[in-house]
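I am opening this notebook to record what I looked up in the structure, entry by entry. I begin with the surface and then turn to the backbone, the rings, the ligand and the charged pairs.

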Amino acid sequence: MKFFIDTANLREIEEAHDLGVLDGVTTNPSLMAKEGIKGKSAILAHYKAICDITDGDVSAEVISTDLEGMIREGEELVKIDPKIVVKIPMIKEGVKAISYFTKKGIRTNCTLVFSGGQALLAAKAGATYVSPFIGRLDDISFDGMDLIHQIRTVYDNYGYETQILAASIRHTIHIMKCAEVGADVITSPLSSIMGLLNHPLTTSGLEKFISDAQKLNL
Ligand code: E4P
């Protein structure tokens, strides 16, 4: 399973990269705004800075909701770096844009996916990644993990190559559940990835080894 980090914060991206387990980065307009990035040239430069840290794919989201605008923005975004994947919302014009980019060999990430039907459409259009939002479904009393399971079944039934990129991850258990269900990729805040490190028996076991090592007169 690939690990992407879901942030536009360069320090967090560097920290995940330094851990040696980072396979890519996803961003969205809200995450960019959180970093205080303003203006087109600053945004494009920020994407470039992200691409310079990671060796993996970097999803950059279009703002337009019309086909022409999405194509114009996407074509500009992919010029920044070969790692850029154009992130496109699951709307009618978005499906057309994904089909367009697929025919041009430009990679896409279909975002804001909340149903199996939307995921099927994204795969039919040739999306490289589909992003079902687990946490936002959980927030409204739908089990986000059921959606990952459904998409896995549908894609496997027909051999779709679109990768399931489980998004809107809120905690470490989401990551482990995604691994059990067979998501291809998770995109997660740094804290949820770091949560995988923790076990009280590791902490107490290491303390004991260190205190016993002091008796060895090394
Ligand atoms: C994914 O690509 C999205 O940017 C992200 O995971 C959304 O997460 P949120 O629901 O925590 O905002």
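**Surface patch.** On this predicted model, I looked for nonpolar side chains at the surface and found that L206, F209 and I210 form a patch there, with about 340 Å² of accessible area together. I placed L206 in helix α11, which covers residues 200-213, and I noted it as partly exposed because its relative accessible area is 48%.

**Backbone.** I then checked for positive phi values at residues that are not glycine. L112 has a phi of about 60°; this residue lies in strand β5, residues 108-113, and is partly exposed at a relative accessible area of 33%. S168 has a phi of about 55° and is likewise not a glycine; I found S168 in the loop between β7 (163-166) and α9 (172-181). Is S168 buried or exposed? Its relative accessibility is 10%, so I entered S168 as buried, the cut-off being under 20%.

**Aromatic rings.** I listed five aromatic pairs in the structure. For Y100 and F101, the ring centres are 5.5 Å apart and the planes stand at 75°, so I recorded the pair as edge-to-face. The two partners differ in cover, since Y100 is partly exposed at 27% relative accessibility, whereas F101 is buried at 0%. I also noted that Y155, Y158 and Y160 form one aromatic cluster.

**Ligand surroundings.** Which residues are around the ligand? I wrote down D6, N28, K87, F133, R136, A167, S168 and R170, and S168 is thus a residue that I had already entered for its positive phi. I next looked up side-chain contacts to oxygen atoms of the ligand: a side-chain N or O atom of K87 is 2.6 Å from such an oxygen, a polar side-chain atom of R136 lies 2.7 Å from one, and a polar side-chain atom of R170 lies 2.9 Å from one. The ligand taken alone exposes 340 Å², and the protein buries 85% of that.

**Salt bridges.** I found twelve salt bridges in the structure, and I followed several of them in turn. K40 and E76 meet through their side chains at 3.0 Å, N to O; K40 lies in helix α3 (residues 40-53) and E76 in helix α4 (residues 67-78), so this pair ties together parts that are 36 residues apart in sequence. K40 is exposed at 54% relative accessibility, while E76 is partly exposed at 29%.

R107 forms a salt bridge with D57, with the closest N and O atoms 2.8 Å apart. This pair links distant parts of the chain, as R107 is in the loop between α5 (92-104) and β5 and D57 is in strand β3 (residues 57-61), 50 residues apart. I noted R107 as partly exposed, with a relative accessible area of 29%, and D57 as buried, with 14%.

R170, which I had met beside the ligand, also forms a salt bridge with D139 at 2.8 Å, N to O. R170 is in the loop between β7 and α9 and D139 is in helix α7 (residues 134-139), so that the pair links distant parts of the chain, 31 residues apart. R170 is partly exposed at 41% relative accessible area, whereas D139 is exposed at 54%. My last entry is that salt bridges with shared partners join K48, D52 and D81 into one network.

How values were computed: Residues numbered from 1 in each chain as written. Predicted model: local features only at pLDDT ≥ 70, side-chain atom pairs only at ≥ 80, totals over all residues. Heavy atoms only, no water. Patch = residues over 30% accessible without salt bridge, like charges linked within 9 Å, V, L, I, M, F, W, Y side chains within 5 Å. Areas by Shrake-Rupley, 256 points an atom, 1.4 Å probe, with all protein chains shown as cover. Salt bridge = Lys/Arg side-chain N within 4 Å of Asp/Glu carboxyl O. Helix = DSSP H or I, 4+ residues; strand = E, 2+ residues; numbered from the N terminus. Buried < 20%, exposed > 50% of the residue type's maximum accessible area, 1.4 Å probe, protein only. Phe/Tyr/Trp six-rings, centres within 6.5 Å; stacked < 30°, edge-to-face > 60°. Near = heavy atom within 4 Å. Polar contact = N/O pair within 3.5 Å; in protein donor to acceptor, adjacent residues only side chain to side chain.
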